[in-house]
2 protein chains.
Amino acid sequence: VKTFMVKVVDNAISAKNLGKEDPRIIVHSLKVGFAITLVSLFYYFEPKFEYQGFGVSAMWAVLTVVVVFEFTVGATLGRAINRAIATCLGASVAGGIHRLACFSGSKTIEPILLGFFLFLIVAIVTYLRFLPKLKARYDYGVLIFILTFSLVSVSGYHDKQVLEMAETRITTILIGCDIAFLVCVLICPVWAGQQLHDKISSNFEKIGSFLEVFGTDYLNTSSEEASEQKTSDLEGYKSVLNTKSAEEVLANFARWEPRHGKFRYRHPWGRYLEIGGIARECAFRIHALNDYLNYETQVEPEIRTKIQEPCKKVSTECGHVLKELALAMKTMTYPHTITIHIDNAKIAAENLKTLLHTNSSWEGINFSDVIPMATVASLLIEIVSSSVKMVESFDK
Amino acid sequence: VKTFMVKVVDNAISAKNLGKEDPRIIVHSLKVGFAITLVSLFYYFEPKFEYQGFGVSAMWAVLTVVVVFEFTVGATLGRAINRAIATCLGASVAGGIHRLACFSGSKTIEPILLGFFLFLIVAIVTYLRFLPKLKARYDYGVLIFILTFSLVSVSGYHDKQVLEMAETRITTILIGCDIAFLVCVLICPVWAGQQLHDKISSNFEKIGSFLEVFGTDYLNTSSEEASEQKTSDLEGYKSVLNTKSAEEVLANFARWEPRHGKFRYRHPWGRYLEIGGIARECAFRIHALNDYLNYETQVEPEIRTKIQEPCKKVSTECGHVLKELALAMKTMTYPHTITIHIDNAKIAAENLKTLLHTNSSWEGINFSDVIPMATVASLLIEIVSSSVKMVESFDK
């Protein structure tokens, strides 16, 4: 009992922190509650109107709101549009096939025909669901197509009011989609595009912090002085390594979104994925660089001082470039001072190269001692070229 | 019109290839078609029994099959169990609250109370959906809880047969879950656990191939001789870089699966994620190694021959270790010969280290020329230690 209580308390605490970290979650929960209560009012008042068309079917509207309402506007809109169009299509196809089956005229053949078409179309459409292009953006729509198609054609077995059934399903689902969409957009909307934008710019910032800390502190002083804050700056880049799928999902949602804030409709979201990919490449290199952190204490001070200055310069300047890029993305302004930092970084990288190419600097030094530092240096040079790539694709 | 036709043909071709590449997709599509036709038969014959309980509600069974049926057994079972339990819970809670509201006795207060509870409970449960622990395995269940709860409490506005409604919903959904699960398991099942297992072992194989090709061919001959087959071997590891989320999803599905084939229930799927993580670490290092492929032509043959032999040895032996690990996973046997390769790899890595530490070998050589090769060498040494880690965690 005691361990159970401890677990409950733990979960309660983590639930509380969730809301503290991201208050949008609280707002979202209230929005969902509001939208469902709203649509339930429609069900409540509906029989009081003259028009008593829906009956039990009005529940489809409730169902739609529950299923369609997502955290971001893009996701909600994507699901709503998918659901609306797929319901119309599914209902029409099922209606058409029902008409076709009726032509047979025979009471025995009709259900067999219906069953056959049901099997055939469901199997084909399920197969098409695996097409990567369809899966990324229309998976939910295809599912709803199968659903509506099955429901409407199955209901054709009993009553002849298939068309009526199809109609009410379409109307109620449209009402549900509308309510979900309106509540989602009008009350404190969360835009998937904005989230993607923030995510990419925070990735830049994480990589930039790593390089800055690496440059100013790590290469400068002994490792014992590194405080906890710095360790967290150094670890931050790790979350960039595995962001690919999250970014792709957000970009797919963002494509559904209308013009909002600083983003227009058809904002080039694909470009974000590209920049994100380059940032990830850079994070991979930093990950390799990170392996050499442990070597540091083994290197003789003599060598360190020689190679330290240019490495420090390269790392710090790259860090500045990335942080400015992050800031420029955040404020959506053109980063005018960035070219200075890029030039500095390039010059520093060239200096480092020249240093490595000058044999005389390295005579009489234990060869194995230089290797880790040299590796760090060449990785840093690679990082400069990644940074330049990032800036270039940002410019576009 | 012409571009549209071209697009249609393109899509048709890619749809055809999909089935060729993975025939399980075709089988899956037929299974879904079969399950839905089966459940529609239930709807067709149902009014012919004495027991005429369901009526329109029988459609919930069709809906359940469409929504629950997934590609792998684990995913289907997870959704089915989530849906079944969540429906029962949601219906009970809604029934309880309806009872509570009835106590008020007043016709005006009752719907207000119902609406208030609806808002409150939906908002709270939506908030809880964001808890990472719940989200990973029970997200669908929580959604269905909200759905059932809303539907049953909303229907309480009109008719007093709330309990009946809750009951038929539970029964029909249970029937749908059963049919979906049975068809999924009995006809050519696709196990998520098996997929995870295969994925991890193929990741090992990809990394192993890279190291083998890198060892035998690349470090040996000039880069121009590298044929296309080899390039694809060298590129294969890239897909390992971004597998984290896919592996996590599969592991979550696999946890639902009962004993099957070589896997028992509660197979340590978490361990797979660990091994997968180490393999990914190794892939990150290989990615850094890959950067140096382009340097190769610039290095003088004199240095290459010196450092080549041990590098080659390290790379090839690591490749052997990983490929044997992959084979051992595939056949689920203990890899007895692997220890020899590990020892060889370790010895080769030691030799390489000694070579790098011997100053005399490097005198009079242009310093900058050694750096890329030295970097390659030290990365390879790191890869040996990753490989050893993988073997260790495999042994557990």
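A residue counts as partly exposed when its relative accessible area lies between the buried class, under 20%, and the exposed class, over 50%. By that scale A:Glu70, at 24% relative accessibility, is partly exposed. The model described here is a predicted one.

Chain A contains 15 helices and zero strands, and of its 396 residues 54% are buried. Among the contacts in chain A with a separation of 6 or more, 81% are accounted for by residues 24 or more positions apart. The accessible surface of the chain comes to about 18,000 Å², and carbon and sulfur atoms contribute 62% of that area.

Over all chains the count of salt bridges is ten, and the table lists some of them, including the pair that A:Glu70 forms with A:Arg79.

| Basic residue | Acidic residue | N to O distance |
|---|---|---|
| A:Arg24 | A:Asp22 | 3.0 Å |
| A:Arg79 | A:Glu70 | 3.7 Å |
| A:Lys244 | A:Glu248 | 3.9 Å |

In the pair with A:Asp22, A:Arg24 is partly exposed, with a relative accessible area of 34%. A:Arg79, the partner of A:Glu70, is likewise partly exposed, its relative accessible area being 23%.

The salt bridge between A:Lys244 and A:Glu248 lies within a helix, because both residues belong to helix α11 (residues 244-254) of chain A, where they are four residues apart and thus separated by about one helical turn. A:Lys244 has a relative accessible area of 32% and is partly exposed, while A:Glu248, at 36% relative accessibility, also counts as partly exposed.

Conventions: Residues numbered from 1 in each chain as written. Chains lettered and ligands numbered in written order. Predicted model: local features only at pLDDT ≥ 70, side-chain atom pairs only at ≥ 80, totals over all residues. Heavy atoms only, no water. Helix = DSSP H or I, 4+ residues; strand = E, 2+ residues; numbered from the N terminus. Buried < 20%, exposed > 50% of the residue type's maximum accessible area, 1.4 Å probe, protein only. Contact = heavy atoms within 4.5 Å. Areas by Shrake-Rupley, 256 points an atom, 1.4 Å probe, with all protein chains shown as cover. Salt bridge = Lys/Arg side-chain N within 4 Å of Asp/Glu carboxyl O.
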